[in-house]
Amino acid sequence: FIHGFGGDGKISWADQAKAFKDDYRVIIPDLLWFGSSYSTKTPSLKTQTEAIHILLESLSISNAHIVGISYGGFVAIDYAHTYEDDLKSLTIVNSPGAVIEDAEIDKFCDRVGVRDVKEAFIPKKGSDVKRLLEFSFYHPPKIPHFLMEQVKEQYFSKHPEQQASLLDELPSNRNRLHGPVEVPTYIIWGLEDHVFHVYDAYTLKWEMLAKLKVIPKAGHALPGEKPSEFNDALRAYIEE
């Protein structure tokens with residue numbers, strides 16, 4: 001399970017760890033410059049992909065089901081293009097891959113009142129965390145302001161410069177992410193996603209020759225907001 005910009009692996013996939021641990025070996029890494037992970041290499045999508053590959057190699061795993069949400073979806077797609085022999089399936093969660101257009105990113109920034117995506121996804125104060133939760137969830141959790149500050153310190157204060165570089169570098173990877181992969185591909189999307197519109201899911205379905213599941217009354221943080229529906233859909237696909 002590969003997380004996005006909304007924290008680290010543990011906070012992003014807690015419900016999935018509980019749901020799948022009895023039947024599968026569940027691996028939830030922190031991407032580089034998130035949580036407990038760091039690197040001296042240049043921040044890039046390729047660097048993230050290589051780190052996941054080194055992890056799986058070190059664990060002698062070559063038959064993984066890889067699941068990535070948001071930025072983690074970009075990493076998962078790149079991994080499937082680069083190391084398809086390592087994988088049994090690819091699941092993309094609320095992540096548009098190569099089909100995202102610059103105009104959509106501009107509309108998102110206008111909608112949430114920021115100048116660029118870095119301001120939206122790398123909070124600098126508690127009110128920025130509140131805004132991130134509001135556009136990530138269909139029903140945002142109610143968290144006191146003082147806890148927002150703690151969340152910012154815990155998850156967003158360690159490596160903001162490297163995280164900003166990752167976002168700046170991401171659009172240059174469209175060619176790396178383009179086209180279908182030789183791995184069975186599944187897309188799961190929250191209907192009310194305010195970051196990447198659901199029409200991206202349908203475009204990506206045709207781009208990737210994938211199967212698609214859209215879950216209503218769920219936003220960008222789908223696995224945490226609708227864990228039962230998400231887990232049931234993912235389990236059914238993996239078992240298939």
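The following dialogue walks through a predicted model of one protein chain.

Student: How many helices and strands does the secondary structure of the chain come to?
Tutor: The model is predicted, and the count here covers the chain of 240 residues. Its secondary structure comes to 13 helices and 4 strands.

Student: What radius of gyration does the chain have, and what would a compact globule have?
Tutor: The C-alpha atoms fill a box of roughly 45 × 40 × 40 Å, taken along the principal axes. For 240 residues, a compact globule would have a radius of gyration near 18 Å, and the value for the chain agrees with this, being 17 Å.

Student: What share of the residues in the chain is buried?
Tutor: A residue is called buried when its relative accessible area is under 20%. By that cut-off, among the 240 residues of the chain, the buried share is 53%.

Student: Which strands does β2 pair with?
Tutor: Strand β2, residues 87-93, is mostly covered, with 6 of its 7 residues buried. It pairs in the parallel sense with strand β1, residues 64-69, over 6 bridges, and 4 bridges join it, again in parallel, to strand β3, residues 185-190. Thr91 of β2 shows both pairings, since Val67 stands opposite Thr91 and Thr91 stands opposite Tyr186 in β3. The strands asked for are therefore β1 and β3.

Student: Which helix makes a β-α-β unit with β1 and β2?
Tutor: The two strands of this unit, β1 and β2, pair in the parallel sense. The β-α-β unit that they make with a helix is right-handed, and the helix, residues 71-82, is α4.

Student: Why is β3 largely enclosed by the rest of the structure?
Tutor: Thr185, Ile187 and Trp189 point one way from β3, while Tyr186, Ile188 and Gly190 point the other way, and all are buried. In a regular strand, side chains alternate between the two faces of the sheet. The strand is largely enclosed because the number of its residues that are buried is 6 of 6.

Student: Which strand does β3 pair with over 5 bridges, and through which helix does the chain cross to it?
Tutor: The partner is strand β4, residues 211-215, and the pairing is parallel, with Tyr186 of β3 standing opposite Lys211 in β4. The crossover from β3 to β4 is a right-handed β-α-β crossover, and its helix, residues 198-208, is α11.

Student: Which element gives the largest share of the largest nonpolar core?
Tutor: In soluble globular proteins, nonpolar side chains tend to be buried together. The largest nonpolar core here has 54 residues, and those with the most contacts inside it include Phe5, Leu90, Phe121 and Met208. The largest share of this core, 7 residues, comes from α4.

Student: Which residues does Phe121 touch, not counting those up to four places away in sequence?
Tutor: Phe121 is one of the residues with the most contacts inside the largest nonpolar core. Leaving out residues up to four places away in sequence, Phe121 touches Phe5, Phe108, Leu132, Phe135, Phe156, Leu167 and Val195.

Student: Which helices do the buried residues of α7 pack against?
Tutor: Helix α7, residues 126-136, is mostly covered, with 8 of its 11 residues buried. Among the buried residues are Val129, Leu132, Leu133 and Phe135, as well as Asp128 and Arg131. The helices that the buried residues of α7 pack against are α5, α6, α8 and α12.

Note on methods: Residues numbered from 1 in each chain as written. Predicted model: local features only at pLDDT ≥ 70, side-chain atom pairs only at ≥ 80, totals over all residues. Heavy atoms only, no water. Buried < 20%, exposed > 50% of the residue type's maximum accessible area, 1.4 Å probe, protein only. Right-handed = clockwise from strand over helix to strand, strands pointing away. Rg over C-alpha atoms; globule rule 2.2 N^0.38 Å. Core = buried A, V, L, I, M, F, W, Y, C linked by side-chain atoms within 4.5 Å. Contact = heavy atoms within 4.5 Å.
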